[in-house]
Amino acid sequence: MHDLNVRQREATQYLDGPLLVLAGAGSGKTRVITRKIAWLVRECGLASRRIAAITFTNKAAREMRERAGELLSKKTANDLQVSTFHALGARILREEASALGYKPRFSIFDAADCTALLADLFKELEKGALRQAQQHISTWKNAMLAPEAAQALAENGTEQRAARIYLAYEASLKAYQAMDFDDLIRLPVQLFMEHPEIREKWQDRLRYLLIDEYQDTNACQYALLQHLTGPRQQFTAVGDDDQSIYGWRGADPENLKRLSQDFPNLKIIKLEQNYRSTTRILEAANRLIAHNEKLFEKKLWSELGHGSPVRVTQHEDHEQEAESVVMRLNAHRLEHRGQWSDYAILYRSNHLARFFESALRNQRIPYVLSGGSSFFDKTEIKDFLAYLRLFANPEDDPAFIRAATTPRRGIGSETLKTLGIYAGERRRSLFHAAGEEGLAQRLSARQHAPLAEFCQFIVRMRARAEQEAAQVVLPDLLTAIEYESYLYAHEEERVAAARWTNLCEFSDWLRQKGETEGKTLVDLVQTIALIQQLDKEETTADAVQLSTLHAAKGLEYRHVFLVGVEEEILPHREAIASGTVEEERRLMYVGITRARQSLFISCARRRKQHRDWVFCAPSRFIAEMGAQPPSSTPLPDKATGQARLNALKAMLAGR
DNA sequence: GCACTTTATGTTTTT
DNA sequence: CATAAAGTGC
């Protein structure tokens with residue numbers, strides 16, 4: 001382990017009790033975690049299936065498994081329990097569902113499913129109120145408060161109303177045998193509190209825990225951690241309070257402090273040497289973050305030399321910003337003879353990506369978009385998924401409605417309304433109620449026939465989905481529901497073709513997953529709710545990376561363009577209003593520290609919002625990091641810019 | 001009663 | 001630009 005520094009090695013080998021590693025950006029925390037896993041397996045003889053590593057995203061989990069695999073044998077690495085908090089919670093719940101009155105094949109509702117459910121339950125309420133309620137519910141769930149407790153604690157009218165919504169929402173989820181993301185953490189904690197024997201079983205199963213991105217855990221996740229480690233207290237938490245950017249999701253950097261209070265024998269190791277960035281970049285980051293209240297004093301340093309200065313530019317509007325950033329990127333790459341994949345364009349919110357996408361497309365520069373709307377959010381995927389969800393969980397009424405009505409098969413709103421009322425009276429799921437005799441009497445023959453046929457179809461396919469292999473059932477299902485012709489009948493040809501391609505890709509991915517893991521379709525559905533994006537094979541493609549700041553956390557790039565660095569964007573307007581500018585500052589800090597060699601910061605003077613132009617001021621963060629004030633770039637010259645680029649190309653070609 | 005067409009509308013970040 | 005609600009034809 002000669003390539004680790006003293007502190008890193010100490011963190012890797014420390015096993016005397018709970019350990020907190022305060023790891024600054026780029027200080028090699030992933031390396032410490034993977035080395036520690038290898039150490040536990042090789043030197044301590046711990047079976048790899050008894051080691052649980054918890055990451056923040058699925059992508060990080062995959063990477064960690066891969067990197068551990070480089071140190072250990074493939075098979076040993078495969079047995080490691082590497083997952084997100086949510087995936088771990090889901091695994092526990094599938095196994096212990098009965099203890100909570102759930103079936104093992106419960107559905108997992110994503111945020112969109114939950115919003116739809118709330119909208120359906122409270123049709124009379126407007127969107128804003130529902131969003132507010134949803135936010136409240138999430139906060140309550142993360143604080144382990146049941147609806148009744150929330151109702152008792154509600155202080156004002158809005159909270160009272162939100163608590164009433166919470167009550168109905170919970171009842172619906174339970175009726176649908178469904179859970180939301182918060183439940184995946186909350187319910188295991190509840191389970192462990194109520195059933196000591198189950199808690200001990202899991203404590204025995206997982207002997208050592210490693211938690212990455214600890215600053216992003218919320219109270220509930222912390223409780224889960226405490227239950228899992230139990231009296232043995234064998235864990236390593238790795239985190240950086242300066243990179244806590246998920247406060248809106250209940251994450252609380254105070255959790256770092258709480259750790260030293262709850263575990264008096266907690267050992268703390270700081271990693272401050274940065275192996276990623278040049279000094280000028282680090283200094284800018286340090287100066288910026290000095291404006292925040294600090295939990296732990298920490299100063300990053302590096303031995304990588306000064307590097308080039310941080311460049312700040314201001315542009316006339318958002319389109320010119322995109323154009324000149326792309327132009328500069330292009331020129332920079334030519335000059336340095338680098339690769340597209342050395343470059344990243346990072347922004348606060350997803351919608352900013354659009355302008356950069358079109359600028360990149362105009363210049364015929366390859367790019368990949370990470371973050372943003374996921375593959376699984378696409379309508380065609382959700383349509384198809386509804387069938388699969390219904391196979392796994394017939395109580396899933398939203399899945400029933402979606403599958404029953406897409407593509408259209410003569411089941412309309414009136415039929416569904418009657419069915420809904422009947423099912424409510426009989427306290428059955430829509431699917432079960434639809435098969436009952438009593439319903440037929442309330443519907444006309446014309447209404448009942450398509451419904452009955454649909455139910456029979458589901459029963460038939462469900463039996464097959466449970467028994468046969470995915471590669472056999474999938475094509476049959478796709479053919480049977482005639483989705484392709486449905487697409488071409490309803491969409492423009494190009495759109496229809498694109499959607500069908502997506503669906504085929506998804507089906508292919510499922511089939512492949514089924515083959516390698518030897519699972520049936522019903523088994524597979526259970527796991528996909530937690531996956532947000534398909535990990536495509538073509539990660540090797542040489543392309544500029546476009547990403548939100550949140551999605552860029554944990555990654556690094558040689559050259560970074562931080563764009564849209566303006567007041568009301570970064571810091572975000574809502575954050576200014578709600579007094580959470582410190583978190584925005586950390587977000588900026590995360591952005592800066594992604595860069596290894598060069599950092600470019602840009603902002604626009606005005607941008608089009610909705611239909612009119614708004615003026616934008618450079619972000620306060622630019623001054624705070626001590627950068628040169630924005631120099632207006634000589635624009636609008638598209639022509640001269642292009643000419644200059646061509647001259648540069650010619651010069652380089654001749655060299 | 002069902003399916004399709006038009007019109008309004010809206011954007012923080014993600015498991 | 002893409003989805004969601006209201007409106008119109010069959």
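Pro 571 of chain A sits in the loop that runs from strand E15 (557-562) to helix H28 (573-577), where helices (H or I, at least four residues) and strands (E, at least two) are DSSP runs numbered from the N terminus. A cis peptide bond links Leu 570 to this proline, with omega at about 5°. Glu 568 belongs to the loop between E15 and H28 as well; although not a glycine, Glu 568 has a positive phi of about 80°. With a relative accessibility of 43%, Glu 568 counts as partly exposed, on a scale where buried means under 20% relative accessible area, exposed over 50%, and partly exposed in between (1.4 Å probe, protein chains only).

The structure is a predicted model, so local features need pLDDT of at least 70 and side-chain atom pairs count only at pLDDT 80 or more, while totals for chains, interfaces and linings use all residues. Residues are numbered from 1 along each chain as its sequence is written, chains are lettered from A and ligands numbered from 1 in the order in which they are written, and side-chain values use heavy atoms, with hydrogens and water left out.

Another cis peptide bond is found between Thr 406 and Pro 407, here with omega at about -15°. Pro 407 is placed in the loop between helix H18 (397-405) and helix H19 (413-426). On the other side of H19, in the loop leading to helix H20 (430-434), comes Arg 427. Its phi is near 55°, which is positive in a residue other than glycine. Arg 427 counts as exposed because its relative accessibility is 76%.

Turning to the chain as a whole, chain A contains 31 helices and 18 strands. A compact globule of 655 residues would have a radius of gyration near 26 Å, and the 27 Å of chain A agrees with that; the radius is taken over C-alpha atoms, and the globule rule is 2.2 Å times the number of residues to the power 0.38. Along the principal axes, the C-alpha atoms fill a box of roughly 80 × 65 × 55 Å. Buried residues make up 52% of the 655 in chain A. Among contacts (heavy atoms within 4.5 Å) with a separation of 6 or more, 78% involve residues 24 or more positions apart.

The exposed area of chain A is about 30,200 Å², of which carbon and sulfur atoms supply 49%; accessible areas come from the Shrake-Rupley method with a 1.4 Å probe, and for residues only the protein chains shown count as cover. As for charge, the mean positions of the 89 positive and 87 negative charges lie 3 Å apart. Lys and Arg count as positive and Asp and Glu as negative, with His and the chain ends not counted, and each charge is placed at NZ of Lys, CZ of Arg, CG of Asp or CD of Glu.

One buried acidic residue is worth a look. Glu 380 is located in helix H17 (residues 379-392) and is buried, with a relative accessible area of 3%. Leaving aside residues up to four places away in sequence, Glu 380 touches Tyr 483, Arg 499, Asn 502 and Leu 503. Glu 380 and Arg 499 are 119 residues apart in sequence, yet their C-alpha atoms are 6.4 Å apart.

Finally, the cysteines. The count of disulfides is zero, a disulfide being a pair of cysteine sulfur atoms within 2.5 Å. Cys 220 is in no disulfide, and the nearest cysteine sulfur, in Cys 114, is 15 Å away. Cys 220 counts as buried at 1% relative accessibility. Cys 616 is buried too, at 13%, but its sulfur is 8.5 Å from the closest cysteine sulfur, that of Cys 603, which is too far for a bond.
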